[in-house]
Amino acid sequence: MQVLPYLIAAYVFLTGCYGLATSRNLIHAVGCLSVCQVSTYILLLAVGYRSGGTAPVFSDIKPGTRPLVDPVVQALTLTDIVVGATVTALLLALVLQIVKRHGTLDPDELRELRG
């Protein structure tokens with residue numbers, strides 16, 4: 001099994017976490033969360049990959065002649081993309097509301113949110 005996709009997924013995730021931890025802008029923080037989400041796409045596709053595998057939807061392939069790629073993992077990745085886009089849109093809408101109400105994108109300047 002190849003280790004490179006798992007290392008790339010870990011690197012992309014850690015890059016997104018580093019950007020999130022050092023962010024001084026709410027829009028940048030939402031973008032960093034999206035980068036963390038992309039690492040899950042890479043991880044899911046790495047789990048479902050088979051060397052020399054083909055799509056399981058072809059009817060001319062005899063069973064057992066070639067390895068097939070798992071379609072469930074591809075469906076989960078597509079679902080993950082849709083959910084990620086929805087969450088990103090929701091977070092950006094919340095950032096717009098924060099800018100309208102408080103007039104800043106800096107999370108340190110949001111005094112009313114501190115407990």
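A residue counts as buried when its relative accessible area is under 20%, as exposed when that area is over 50%, and as partly exposed in between. Keep those cut-offs handy for this tour of a predicted model.

**Stop 1: the whole chain**

Show the chain as a cartoon. You'll find three helices and zero strands, running α-α-α from the N terminus on. The radius of gyration is 20 Å, well over the 13 Å that the globule rule gives for 115 residues, so the chain is more spread out than a compact globule. Turn the model around: along the principal axes, the C-alpha atoms fill a box of roughly 65 × 25 × 20 Å.

Now switch on the surface. About 8,300 Å² of the chain is accessible, and 68% of that belongs to carbon and sulfur atoms. Of the 115 residues, 22% count as buried.

Want to colour by charge? You should get 8 positive and 7 negative side chains, with the centres of the two sets 4 Å apart.

**Stop 2: Gln-37**

Select Gln-37, which sits in helix α2. Is Gln-37 buried, partly exposed or exposed? Its relative accessibility is 23%, so it counts as partly exposed; remember that buried means under 20%.

Next, add Asp-80 and Gly-84 to your selection. Gln-37 is in contact with both of them, leaving aside its neighbours within four places in sequence. Then try the distance tool on Gln-37 and Ala-85: these two are 48 residues apart in sequence, and their C-alpha atoms are 9.5 Å apart in space.

**Stop 3: Thr-77**

Hop over to helix α3, which covers residues 71-102, and pick Thr-77. Thr-77 has 5% relative accessibility, so it counts as buried. Which residues is Thr-77 in contact with, once its neighbours within four places in sequence are left aside? Select Tyr-41, Leu-44 and Leu-45 to see them.

Zoom in on the side chain of Thr-77 as well. One of its polar atoms lies 2.9 Å from the backbone oxygen of Val-73.

**Stop 4: Gly-64**

Finish in the loop between α2 (26-48) and α3, where Gly-64 lies. With a relative accessible area of 81%, Gly-64 is exposed. Draw one last distance, from Gly-64 to Thr-40: these residues are 24 apart in sequence and 30 Å apart in space, C-alpha to C-alpha.

Before you close the viewer, go back to the full chain and think about its contacts. Among those between residues at least 6 apart in sequence, 55% join residues at least 24 apart.

Methods. Residues are numbered from 1 along each chain as its sequence is written. This is a predicted model: local features need pLDDT of at least 70, side-chain atom pairs count only at pLDDT 80 or more; totals for chains, interfaces and linings use all residues. Side-chain values use heavy atoms; hydrogens and water are left out. Helices (H or I, at least four residues) and strands (E, at least two) are DSSP runs, numbered from the N terminus. The radius of gyration is taken over C-alpha atoms; the globule rule is 2.2 Å times the number of residues to the power 0.38. Buried means under 20% relative accessible area, exposed over 50%, partly exposed in between (1.4 Å probe, protein chains only). Contact means heavy atoms within 4.5 Å. Accessible areas come from the Shrake-Rupley method with a 1.4 Å probe; for residues, only the protein chains shown count as cover. Lys and Arg count as positive and Asp and Glu as negative; His and the chain ends are not counted. The place of a charge is taken as NZ of Lys, CZ of Arg, CG of Asp or CD of Glu. A polar contact is a pair of N or O atoms within 3.5 Å; within protein, one must be able to donate a hydrogen and the other to accept it, and residues adjacent in sequence count only if both atoms are side-chain atoms.
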